[in-house]
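Visitor: Hi, I'm new to this one. Could you walk me through it while I look?
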Amino acid sequence: MTLATPPLALLLDVDGPIASPESRQVAPGIIDSLIGLLHEEIPVIFNTGRSDSFIAEQVMAPMIDAGIPARAVVHAICEKGAVWFSFTAQGPGAIHLDRELAMPAAFADDVRALVQARYAEHMFFDETKRAMVSVEQQLAVSNSDYLVQQGLFDADALALLARHQLGAARLDHRYPAGGRVDYRVDPTIISTDIESVRLGKDLGASRAVELLAAQGIVPEAWRTVGDSRTDYAMADWLHHQDHRVKHVDVRPADGVPAKPYPVLTSADLGLGADVIHDDAGAAFLQAWLAAVTAD
Ligand SMILES: [Mg+2]
C-alpha cells in the first residue's frame with residue numbers, strides 16, 4: 001500500500017460548525033467546500049453525537065448530489081464513536097456498531113415508554129440511535145419550557161438507571177451501582193443523551209486515525225472543529241498522541257480554555273466575533289480550500 005501524506009485532515013463536529021443549529025441542515029456553500037477539499041485529496045471525517053441516519057440524510061445525501069470525486073471516501077463517526085460508516089459517490093458502506101458500547105435494550109425500552117407516558121408533548125425518543133439513548137426537544141415547544149421538563153426527565157432517567165442496576169453520573173453527581181459508574185446522563189441544550197462513559201469525541205478521534213491508517217493515509221496535520229467544550233477532546237486526544245493539531249471553536253462565547261495546541265476562532269480569519277456556528281465553519285473550510293489549492 002502506498003502511503004499518502006496529505007497536508008491536512010479534517011475532523012468535524014456536525015451540529016454547529018457544519019449543520020445550522022436552527023434548521024439542522026447544511027448550507028450549500030459548506031457542501032461545495034467539502035467537495036472541493038475532497039478533490040484536493042484532503043480527508044474529511046465527521047465526528048458527531050448524531051445517528052448514522054441523521055448524517056446520511058443531512059450530510060451524505062447533499063454531498064452525493066453535489067458530486068463526490070470518484071476515489072474519495074468520507075468517514076462518518078456517529079454516536080460519539082459507538083457507530084461508524086464510510087461513504088463514496090456510490091452511497092454508504094456497512095454500518096459498524098461497537099455493541100459493548102450500546103445501552104441495554106431493556107433500558108432503552110423503558111425510556112421510550114417513559115417519554116410516551118409523561119414527556120411526549122415536549123420531547124421525542126430518537127429511534128435512529130443504535131448505542132445511545134437520546135431524547136430530544138420537540139421543535140414545536142419553546143426551549144425554556146423544554147429545559148424545565150428536561151430536569152424532571154433526567155431525574156426519572158436516573159431512577160430508571162438505578163432500577164436496571166446501571167451506575168451513572170450526571171454532571172458532577174455520581175449514582176453508582178455496585179460501586180461502578182459505567183454510564184452518563186448528558187443534558188445538552190436540546191436533548192438528553194444517556195450513554196456509556198467510554199463514548200466521546202476522543203473515541204471518535206481515535207477511530208478517525210485508524211480509519212485513515214487502514215487506507216494508508218497519514219496526514220501531516222489535523223484540524224478539528226467544534227462548537228462545544230466536549231469537542232476539544234478531539235484535539236486533546238490527537239495532541240496527546242503526538243499528532244500536529246489546531247482546534248477551531250466556532251462558538252467561543254463560553255471562553256477559550258488554555259490548551260497546549262493552537263485554538264482558532266473566526267477572529268483568526270479577520271472576521272467579526274459575530275461570525276459563529278456554521279458561518280464560521282463555512283469560512284474555515286473556504287480558507288483551508290484556498291490554502292491547499294494555492295500550493
Ligand atoms: Mg456541536
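Visitor: Where does H2 bend, and by about how much?
Guide: The bend is at methionine 60 and comes to about 35°. Keep in mind that this is a predicted model. A proline, proline 62, follows within four residues of the bend.

Visitor: How many residues does H2 have, and what distance does it reach from first C-alpha to last?
Guide: Helix H2 covers residues 52–66, which is 15 residues, and it reaches 20 Å. That is close to the 21 Å expected at 1.5 Å a residue.

Visitor: Which residues of H2 are buried?
Guide: They are Asp52, Phe54, Ile55, Gln58, Val59, Met60 and Met63. So methionine 60, where the helix bends, is also one of the buried residues.

Visitor: And what do those buried residues pack against?
Guide: One helix, H1 (28–39), plus strands E2 (44–47), E3 (74–78), E4 (83–88) and E5 (91–92).

Visitor: What comes just after H2?
Guide: Glycine 67, and its phi is positive, about 105°.

Visitor: Which residues other than glycine have a positive phi?
Guide: Arginine 24 is one of them, with phi near 65°, and aspartate 242 is another, with phi near 70°. For background, most residues other than glycine have a negative phi.

Visitor: Where do I find arginine 24 and aspartate 242?
Guide: Arginine 24 is in the loop between strand E1 (9–12) and H1. Aspartate 242 is in the loop between helix H6 (232–240) and E14.

Visitor: Is aspartate 242 buried or exposed?
Guide: Aspartate 242 is exposed, because just 7 other C-beta atoms lie within 10 Å. Arginine 24 has 15 C-beta neighbours inside 10 Å, so it counts as partly exposed.

Visitor: You mentioned E14. How many of its residues are buried?
Guide: In strand E14 (residues 245–249), 4 of the 5 residues are buried, so the strand is largely enclosed by the rest of the structure.

Visitor: Which strand is joined to E14, and by how many bridges?
Guide: Strand E13 (residues 222–226), by 5 bridges, and the two run parallel. To spot one pairing, look for glycine 226, whose bridge partner in E14 is aspartate 249.

Visitor: Let's zoom out. What domains is the protein divided into?
Guide: Domain 1 takes in 9–98 + 200–293, and domain 2 is 101–196. The contact takes 10 residues from domain 1 and 10 residues from domain 2. Taken over C-alpha atoms, the domain centres are 27 Å apart.

Visitor: Which residues touch the most other members of the largest nonpolar core?
Guide: Leu11 and Ile45, in a core of 74 residues. Both domain 1 and domain 2 give residues to this core, so it lies between them. In soluble globular proteins, nonpolar side chains tend to be buried together.

Visitor: What is leucine 11 in contact with, leaving aside its neighbours within four places in sequence?
Guide: Ile45, Asn47, Ala205, Ala208, Trp222, Thr224 and Met234.

Visitor: One last spot: which helix holds leucine 289?
Guide: Helix H7 (residues 277–294). Leucine 289 counts as partly exposed, because it has 19 C-beta neighbours inside 10 Å, and a residue needs 20 or more to be buried.

Visitor: What does leucine 289 contact beyond its neighbours within four places in sequence?
Guide: Ser33, Gly36 and Leu37. The C-alpha atom of leucine 289 is also separated by 9.5 Å from that of leucine 38, though the two are 251 residues apart along the chain.

Technical notes: Residues numbered from 1 in each chain as written. Predicted model: local features only at pLDDT ≥ 70, side-chain atom pairs only at ≥ 80, totals over all residues. Core = buried A, V, L, I, M, F, W, Y, C linked by C-beta atoms within 7 Å. Buried ≥ 20, exposed ≤ 12 C-beta atoms within 10 Å, placed from the backbone. Domains from an automatic or database assignment. Contact = placed C-beta atoms within 7 Å. Expected span 1.5 Å × (residues − 1). Bend = angle between axes of the 7 residues up to and from the residue. Pairing = 2+ DSSP bridges.
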